[in-house]
Amino acid sequence: MARVIIYSGKGGTGKTTISAATATMLARAGYRTLVLSSDPAHSLADAVGAPISRDRPTPLAPCLYGLEVDTIYEWRHNLGGFQQFVASTYSSRGIDRSTAAELANQPGLDEILALQRVMSEARSGRWDMIVLDTAPTGNTLRLLAYPEMIIGGDAGKKFFRVYRGLANIARPFKRDLPDDRFFDEVGGLLERMDELANFLLSPTISLRLVLNPEKLPLLETRRAYTFLNLYGMLVDAVMVNKILPRRADLGPYFDYWVGLQRGYLEEIEACFTPTPIFRTVLQEGEPIGLPALEAIGRATFGEQDPGALLFDERPIWLEQWNEEGEPGHYELCLRLPFLSEGEPVVLARSGPDLTLTVGRLQRTIALPRILYDCALGAHRYEEGVLRLEFREATGEPLAPLAGSADELRVEAA
């Protein structure tokens with residue numbers, strides 16, 4: 001499978017420029033490279049200075065191709081039957097046909113279809129490298145979380161099969177029930193959601209967060225970093241863009257902003273180390289066209305290979321250790337470095353799944369098989385890592401959970 005690099009960040013931080021610059025450098029090094037945009041407000045074509053197709057990769061330079069994913073096109077080619085059924089259902093209830101067609105585009109599936117296209121290209125064998133330029137952070141996080149959130153686990157699949165069986169029985173008596181094409185498409189979608197959830201955790205995929213040295217982008221990037229760690233996704237670099245140059249001829253107005261940025265740059269270093277941090281100085285002209293993008297890439301990465309896995313410290317891991325020589329004692333560790341002091345972390349165990357709620361974020365983790373017969377014991381938060389204790393059942397009561405029966409409150413920021 002191709003190496004996939006996903007760029008995410010707050011709107012306006014320069015994700016498209018950094019994505020295109022990375023792809024340009026990779027193509028220049030001889031890698032067969034595809035740069036995609038999943039942002040509905042595409043600007044990738046503007047950055048490279050050439051038109052880009054919505055349905056098939058467009059050649060831009062030797063070894064370099066571009067694609068702006070059009071979710072309306074993807075809808076029609078992947079879920080046309082689903083869309084037709086939903087639109088006709090609205091129309092039969094008196095809703096205008098054009099409005100019904102708009103309502104048929106279900107929220108969230110745009111992100112799924114865009115990610116599905118990325119997975120398809122990554123598995124096609126056509127590419128060595130794929131660079132994904134995403135929508136602003138909120139949409140990106142939704143895109144990355146939807147495969148797990150929508151699939152509904154085994155219960156969701158069983159419900160779908162039961163509903164399909166009931167619909168087949170009742171269709172001769174009730175006209176507005178979905179047909180086989182609808183069920184085939186939705187069933188295929190559920191299968192692809194399973195594939196997408198595993199695809200995102202592939203060892204060849206990493207994310208890079210782009211921010212400017214300002215307060216709001218820094219806060220949003222910290223939240224995104226926590227979210228991605230919670231979902232077990234690998235962040236291998238932080239890209240700081242639009243740094244003002246330190247020049248004596250810019251005058252006192254820019255001196256103030258350079259000084260302000262210097263403080264935020266120090267804070268970024270403190271927050272994200274040891275994750276590699278790359279800096280890009282604001283250019284004197286607009287970076288439009290492949291030569292300008294390649295120059296930015298070289299200024300950003302220097303001698304570092306932009307296609308390499310720059311950091312491989314996984315955010316979720318399992319530690320096994322013995323207490324007084326007795327085996328069967330484990331700790332499931334999650335790196336969540338930006339929890340606020342006093343913020344509750346709520347845990348709920350249901351068979352082989354563990355549901356973890358941190359503020360407004362919730363994630364259900366499929367536990368490793370070795371923990372299936374273990375009971376959840378105490379848990380603690382230290383040095384930015386949430387540690388959950390599991391012990392093999394011995395008949396003896398475990399230590400009580402920290403805080404209440406299922407809640408931990410963070411004691412240190």
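A salt bridge is taken here as a side-chain nitrogen of Lys or Arg within 4 Å of a carboxyl oxygen of Asp or Glu. The model on display is predicted, and the tour starts with pairs of this kind.

**Stop 1: strands β6 and β7**

Select aspartate 236 and arginine 208. Their side chains meet in a salt bridge, with 3.1 Å from N to O. The pair links distant parts of the chain: aspartate 236 belongs to strand β7, arginine 208 to strand β6 (residues 205-211), and 28 residues separate them. Both aspartate 236 and arginine 208 are buried.

Remain on strand β7, which covers residues 235-243, and move to asparagine 241. Asparagine 241 has a relative accessibility of 8% and therefore counts as buried. Select asparagine 212 as well: the C-alpha atoms of asparagine 241 and asparagine 212 are separated by 5.1 Å, although the two residues are 29 apart along the chain. Now display the surroundings of asparagine 241. Leaving out residues up to four places away in sequence, asparagine 241 touches Thr13, Gly14, Ile18, Val210, Leu211, Asn212, Pro213 and Thr280.

**Stop 2: lysine 15 in helix α1**

Proceed to helix α1 (residues 15-28) and select lysine 15. Which side chain of opposite charge is nearest to lysine 15? That side chain is aspartate 133, at 5.3 Å; lysine 15 is buried yet has no salt bridge. The distance lies beyond the 4 Å cut-off, so the pair does not qualify.

Next, show the backbone of glycine 9. The backbone oxygen of glycine 9 lies 3.4 Å from a polar atom of the lysine 15 side chain. Apart from neighbours within four places in sequence, the contacts of lysine 15 are Tyr7, Ser8, Gly9, Lys10, Asp133, Thr134, Ala135, Pro136 and Val210. Val210 also appears among the residues touched by asparagine 241.

**Stop 3: from helix α1 to helix α12**

Follow helix α1 to arginine 28 and add glutamate 294 to the selection. These residues form a salt bridge in which the closest N and O atoms are 3.1 Å apart. The pair connects distant parts of the chain, with arginine 28 in helix α1 and glutamate 294 in helix α12 (residues 290-301), 266 residues apart. Are the two partners buried or exposed? Arginine 28 counts as exposed because its relative accessibility is 58%, whereas glutamate 294 is buried, with a relative accessible area of 11%.

**Stop 4: a network of salt bridges**

The structure holds 17 salt bridges. Select Glu319, Glu331, Arg380, Glu382 and Arg387, which are linked in a network of such bridges. Within the network, focus on arginine 380 and glutamate 331, whose closest N and O atoms are 2.7 Å apart. This pair also links distant parts of the chain: arginine 380 lies in strand β14 (residues 374-382) and glutamate 331 in strand β10 (residues 329-335), 49 residues apart. Arginine 380 is partly exposed, at a relative accessible area of 35%, while glutamate 331 counts as buried at 3%.

From strand β14, step to glutamate 383 in the loop between β14 and β15 (385-392). Examine its backbone: phi of glutamate 383 is near 50°, a positive value in a residue other than glycine. Glutamate 383 has a relative accessibility of 81% and so counts as exposed.

**Stop 5: the loop between β3 and β4**

Cysteine 63 offers another backbone angle to inspect. Select cysteine 63 in the loop between β3 (58-61) and β4 (64-68). Its phi is near 75°, again a positive value in a residue other than glycine. Cysteine 63 is partly exposed, with a relative accessible area of 30%.

**Stop 6: helix α11 and the loop that follows**

Turn to the surface and select Tyr253, Phe254, Tyr256, Trp257 and Leu260. Together these residues make a nonpolar surface patch of about 530 Å². Leucine 260 lies in helix α11 (residues 251-272) and is partly exposed, with a relative accessible area of 32%.

Finish at proline 274, located in the loop between α11 and β8 (277-281). What kind of peptide bond joins threonine 273 and proline 274? The bond is cis, with omega about 20°.

Technical notes
Residues are numbered from 1 along each chain as its sequence is written. This is a predicted model: local features need pLDDT of at least 70, side-chain atom pairs count only at pLDDT 80 or more; totals for chains, interfaces and linings use all residues. Side-chain values use heavy atoms; hydrogens and water are left out. Helices (H or I, at least four residues) and strands (E, at least two) are DSSP runs, numbered from the N terminus. Buried means under 20% relative accessible area, exposed over 50%, partly exposed in between (1.4 Å probe, protein chains only). Lys and Arg count as positive and Asp and Glu as negative; His and the chain ends are not counted. A polar contact is a pair of N or O atoms within 3.5 Å; within protein, one must be able to donate a hydrogen and the other to accept it, and residues adjacent in sequence count only if both atoms are side-chain atoms. Contact means heavy atoms within 4.5 Å. Patches are made of residues with over 30% relative accessible area and no salt bridge: like charges are joined within 9 Å, nonpolar side chains (Val, Leu, Ile, Met, Phe, Trp, Tyr) within 5 Å. Accessible areas come from the Shrake-Rupley method with a 1.4 Å probe; for residues, only the protein chains shown count as cover.
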